[in-house]
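Welcome! Let us walk through a protein model together, one part at a time. Keep the structure in view as you read.

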Amino acid sequence: IIPGINMEQSLIGSYYEDLYKLEQANLKIEKSKFFPGLSAGYFNQSIDRLYGFSGFKVGMTFPIWFVPQGGRISQARVKAQIAQNELEIQSHKQQLQIQTLQKQLQNYDQQLSYYEDTAMKSSETLVNTATLQFEKQDIEYFEFIQSISVALDINRAYLDQINRYNQTAIELEYLMK
């Protein structure tokens, strides 16, 4: 059994985790707009080829009207909550999908064990017996072909089972990355 995954380490999980972090950062930015802002700068310019006009610029901004900013904060808070809920839903969904694939993989493994231990040996025995009986002329050509066909069907079913096992393992590995 493959152990459970860490949602932050999976490709799908990292997308939703990043989306959640982005919305949390947007919420912090909106909250910070309630506080006064400071700015500073330096300028150096020339006017009509006269140089030497330089100086410093310092500024301070104060929010005057708080109602619109409160609405933007509420909106950012709701978006952050939606992103968190989506992260939890996707995490749960991925865990369920992984558990289902692990159970399928176990089932396919048991079926492969049956094929390797019993069915493939029976198929080989069927081919050998049919070949010997046909060579001794104990069976007709039609019966020989039927026996070979049954043996090939067993082999084909075994290969189909290997394919299903491999496809499930690949899908599980993809989800675990």
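Before we start, here is a term we need: a residue is called exposed if its relative accessible area is over 50%, buried if that value is under 20%, and partly exposed in between. Please also keep in mind that this is a predicted model.

Let us try the term out on Leu38. This residue has a relative accessible area of 70%, so Leu38 counts as exposed. Leu38 lies in strand β1, which covers residues 37–47. Together with Met60 and Phe62, Leu38 makes a nonpolar surface patch of about 380 Å².

Now look at the strand itself and its partner. Strand β2 takes in residues 50–61, and β1 pairs with β2 in the antiparallel sense over ten bridges. You can trace some of this pairing by eye: Gly37 stands opposite Thr61, and Ser39 has Gly59 as its bridge partner. The two strands form a hairpin, with two residues between them. In that turn you will find Asp48, which has a positive phi of about 50°. Ile47 also belongs to strand β1. With a relative accessible area of 41%, Ile47 is partly exposed, because this value falls between the cut-offs of 20% and 50%.

Next, follow the chain into helix α2, which runs over residues 67–135 and has 69 residues. From its first C-alpha to its last, α2 reaches 96 Å, close to the 102 Å expected at 1.5 Å a residue. Where does α2 bend? Look for Tyr115, where the helix bends by about 45°. Just after α2 comes Gln137, which takes a positive phi of about 65°.

A little exercise in distance fits here. Find Ile47 and Glu140, which are 93 residues apart in sequence. In space, their C-alpha atoms are 110 Å apart.

Helix α3 covers residues 141–176, 36 residues in total. Its reach from first C-alpha to last is 52 Å, close to the expected 52 Å. Several residues of α3 are buried, among them Phe144, Ala151, Tyr158 and Leu172. The buried residues of this helix also include Ser147, Gln161 and Thr168.

Finally, let us turn to charged side chains. How many salt bridges does a search of the whole structure find? The search finds three. One of the salt bridges is within α3, where Asp153 pairs with Arg156 and the closest N and O atoms are 2.8 Å apart. These two residues are three residues apart, about one turn of the helix. Asp153 has a relative accessible area of 37% and is partly exposed, and Arg156, at 48%, is partly exposed too.

Glu30 takes part in a salt bridge with Lys33, with the closest N and O atoms 3.6 Å apart. Glu30 also forms a salt bridge with Arg72, where the closest N and O atoms are 3.9 Å apart. This second pair links distant parts of the chain: Arg72 is in helix α2, while Glu30 is in helix α1 (residues 11–32), 42 residues away. Is Glu30 buried or exposed? Its relative accessibility is 15%, so Glu30 counts as buried. Its partners give other values: Lys33 is partly exposed at 44%, and Arg72 is partly exposed at 40%.

Technical notes. Residues are numbered from 1 along each chain as its sequence is written. This is a predicted model: local features need pLDDT of at least 70, side-chain atom pairs count only at pLDDT 80 or more; totals for chains, interfaces and linings use all residues. Side-chain values use heavy atoms; hydrogens and water are left out. Helices (H or I, at least four residues) and strands (E, at least two) are DSSP runs, numbered from the N terminus. The expected span of a helix is 1.5 Å times one less than its number of residues. Buried means under 20% relative accessible area, exposed over 50%, partly exposed in between (1.4 Å probe, protein chains only). Patches are made of residues with over 30% relative accessible area and no salt bridge: like charges are joined within 9 Å, nonpolar side chains (Val, Leu, Ile, Met, Phe, Trp, Tyr) within 5 Å. Accessible areas come from the Shrake-Rupley method with a 1.4 Å probe; for residues, only the protein chains shown count as cover. A salt bridge is a side-chain nitrogen of Lys or Arg within 4 Å of a carboxyl oxygen of Asp or Glu. Two strands pair if DSSP finds at least two bridges between them. The bend at a residue is the angle between axes fitted to the seven residues ending there and the seven starting there.
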